[in-house]
There are 2 protein chains.
Amino acid sequence: MQGTTATTPEPTAYAPTDRTVPTRSADRASYDKDLVHSILDEGYVCHLGFVRDGAPVVLPTLYGRVGERLYVHGSTGSRPLRMTGQADPGLPVCLTVTLVDALILARSAFHHSINYRSVVVHGLAHDVTDPEEKRLALDALVDHVVPGRAQDSRPANKKELAATAVIRLDLDEVSAKLRTGGVNDEPEDLALPHWAGVLPLRKGYGSPVADGDLAPGTEVPGYLTAL
Amino acid sequence: MQGTTATTPEPTAYAPTDRTVPTRSADRASYDKDLVHSILDEGYVCHLGFVRDGAPVVLPTLYGRVGERLYVHGSTGSRPLRMTGQADPGLPVCLTVTLVDALILARSAFHHSINYRSVVVHGLAHDVTDPEEKRLALDALVDHVVPGRAQDSRPANKKELAATAVIRLDLDEVSAKLRTGGVNDEPEDLALPHWAGVLPLRKGYGSPVADGDLAPGTEVPGYLTAL
């Protein structure tokens with residue numbers, strides 16, 4: 001309506017593209033932002049793909065999320081970060097995070113599978129040069145390792161900031177893919193004598209092992225015991 | 001010595017190449033075959049990178065190992081497998097497996113890290129057309145989910161074999177990278193009041209959940225309870 005300043009609600013899903021619609025098992029794909037965020041926040045390591053001399057390279061690396069932006073950091077000398085700084089308008093990358101939830105043992109070899117949740121992000125990675133954005137990104141990277149940790153550590157100093165490159169990848173061309181549930185054997189195989197079912201994978205934390213040189217009286221912080 | 005038929009011992013390490021020597025943290029790199037095999041055998045999912053329309057694509061997928069060969073399978077309709085079948089002399093891929101062992105909490109944000117073990121394989125993926133190699137590869141894929149399982153399941157029938165594409169990647173241009181140990185804070189940070197140390201990540205299995213339609217009297221097999 002003319003004259004009103006209606007705010008458009010934020011879309012709750014990413015728009016599918018040719019690259020994010022799978023050629024098979026399309027029913028396992030999702031573009032829901034909350035689901036994508038939850039998978040990204042649960043993972044520790046992403047696999048960052050880029051092209052070097054015409055060939056693909058896939059490297060594991062830490063990452064952090066701030067809203068609809070993902071950040072990856074590294075030494076200013078590392079290849080993908082150096083390549084991003086030199087790429088205009090940005091370095092084409094594919095960033096993938098995968099969580100494995102369970103092993104699926106079917107009666108037939110063919111229907112063996114895993115339950116998983118994954119996110120694939122396509123886009124251009126950009127060098128982060130704004131000092132404030134870089135600090136927020138580094139906080140997000142530390143908080144991604146343990147939520148609440150950025151506040152309880154010494155922030156990067158000038159020398160460390162200068163040695164660290166940060167790249168940004170916007171969550172724009174994104175899809176999640178997941179398999180849940182149990183065994184999908186063929187009806188004619190049900191009577192076979194092989195055990196079939198789901199073997200859940202358990203993830204958890206061991207007891208924190210304190211550094212030998214802790215300042216006297218330093219206690220295990222609450223955000224760790226909460227895990 | 002002339003006249004003797006000395007057998008050359010198999011090398012115990014992969015030969016480093018320009019692509020497998022890291023630009024940084026070279027002390028964390030290894031080319032030891034046993035180490036590479038152990039990491040590959042412990043992981044469940046690899047991240048397979050390839051180039052499509054000039055841009056990188058990174059997809060999670062199951063894999064299996066037979067000696068110095070890795071196998072990935074999928075629907076004959078899936079993109080990387082279809083592309084491999086059409087590529088001559090093979091599809092350039094990068095296959096990466098990463099295990100996350102622990103979170104490293106340093107006093108300084110800069111020295112936060114994780115302990116991990118990863119393997120990166122570069123090479124050309126080849127379509128497996130030999131029926132015997134394809135069967136061995138599929139057995140390896142099932143045994144990779146749970147060792148011993150291939151023997152205790154119905155092998156793929158003709159229809160399933162026809163619907164499944166298998167690609168092979170030889171372990172030739174390979175490196176492992178790992179971080180182990182504790183916190184590497186700067187000496188001047190040791191007196192800071194922040195807790196620092198290692199938070200191990202625990203992996204394990206939940207109790208097997210049997211499919212509702214198991215044939216009467218089917219017990220949980222020993223290779224599962226052994227896990």
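These exercises work through a predicted model of two chains, A and B.

**Exercise 1. How many residues does each chain bring to the contact, and what area is buried between chain B and chain A?**

Step 1. Start with the residues. Chain A gives 89 residues and chain B gives 89 residues.

Step 2. Turn to area. About 7,500 Å² is buried between chain B and chain A. Carbon and sulfur atoms account for 64% of that area.

Step 3. Look for the main contributors in chain B. B:Pro56, B:Arg154 and B:Trp195 lose the most area to chain A. Together they make up 10% of what that side buries.

**Exercise 2. Describe the polar and charged contacts between chain B and chain A.**

Step 1. Count the salt bridges. There are eight between chain B and chain A. The structure holds 32 over all chains.

Step 2. Take one example. A:Asp189 pairs with B:Arg154, with the closest N and O atoms 2.7 Å apart. B:Arg154 is also among the residues of chain B that lose the most area to chain A.

Step 3. Take another. A:Asp18 and B:Arg79 form a salt bridge at 3.9 Å, N to O. The cut-off is 4 Å, so this pair counts. A:Asp18 sits in the segment before strand 1 (29–30) of chain A, and B:Arg79 belongs to helix 2 (residues 79–86) of chain B.

Step 4. Add the polar contacts. Across the interface, 35 residue pairs are in polar contact, both residues at pLDDT 80 or more.

Step 5. Find the element of chain B that gives the most to the side touching chain A. Strand 10 (residues 197–205) does, with nine residues.

Step 6. Sort that side of chain B by class. It has 50 nonpolar, 22 polar and 17 charged residues.

**Exercise 3. Which strands pair between the chains, and in what sense?**

Step 1. Strand 10 (residues 197–205) of chain A pairs with strand 11 (residues 209–210) of chain B. The sense is antiparallel, over two bridges.

Step 2. Fix the register with one pair. A:Gly197 stands opposite B:Ala210.

**Exercise 4. What turn and shift lay chain B on chain A?**

Step 1. A turn of 180° with a shift of 0.0 Å along the axis does so, at an RMSD of 0.0 Å.

Step 2. The two copies are therefore related as by a two-fold rotation axis.

Step 3. Locate the axis. In chain B, the C-alpha nearest to the axis belongs to B:Lys203, 2.5 Å away.

Step 4. Compare the surfaces. The same surface serves both copies, with 99% of the contact residues of chain B recurring in chain A.

**Exercise 5. Trace strand 5 of chain A through its pairings with strands 4 and 8.**

Step 1. Strand 4 (residues 64–66) and strand 5 (residues 69–75) of chain A run antiparallel over three bridges. A:Gly64 has A:Tyr71 as its bridge partner.

Step 2. Inspect the turn. Two residues lie between the strands of this hairpin, and A:Gly67 takes a positive phi near 60°.

Step 3. Move to strand 8 (residues 164–170) of chain A. Seven bridges join it to strand 5, again antiparallel. A:Arg69 is partnered by A:Asp170.

**Exercise 6. Find backbone exceptions in the loops.**

Step 1. Recall the rule. Most residues other than glycine have a negative phi, and most peptide bonds are trans.

Step 2. Check phi. A:Asp53 has a positive value near 50°. A:Asp53 lies in the loop between strand 2 (45–52) and strand 3 (55–62) of chain A.

Step 3. Check omega. The bond from A:Asp88 to A:Pro89 is cis, with omega near 15°. A:Pro89 is in the loop between helix 2 (79–86) and strand 6 (91–105) of chain A.

Step 4. Repeat for chain B. B:Asp88 and B:Pro89 are joined by a cis bond, omega about 10°. B:Pro89 lies in the loop between helix 2 and strand 6 (91–105) of chain B.

Definitions and conventions. Residues numbered from 1 in each chain as written. Chains lettered and ligands numbered in written order. Predicted model: local features only at pLDDT ≥ 70, side-chain atom pairs only at ≥ 80, totals over all residues. Heavy atoms only, no water. Contact = heavy atoms within 4.5 Å. Buried area = accessible area lost by both parts, 1.4 Å probe. Salt bridge = Lys/Arg side-chain N within 4 Å of Asp/Glu carboxyl O. Polar contact = N/O pair within 3.5 Å; in protein donor to acceptor, adjacent residues only side chain to side chain. Helix = DSSP H or I, 4+ residues; strand = E, 2+ residues; numbered from the N terminus. Nonpolar A, V, L, I, M, F, W, Y, C, P; charged D, E, K, R; others polar. Pairing = 2+ DSSP bridges. Least-squares fit on C-alpha atoms with pLDDT ≥ 70 in both.
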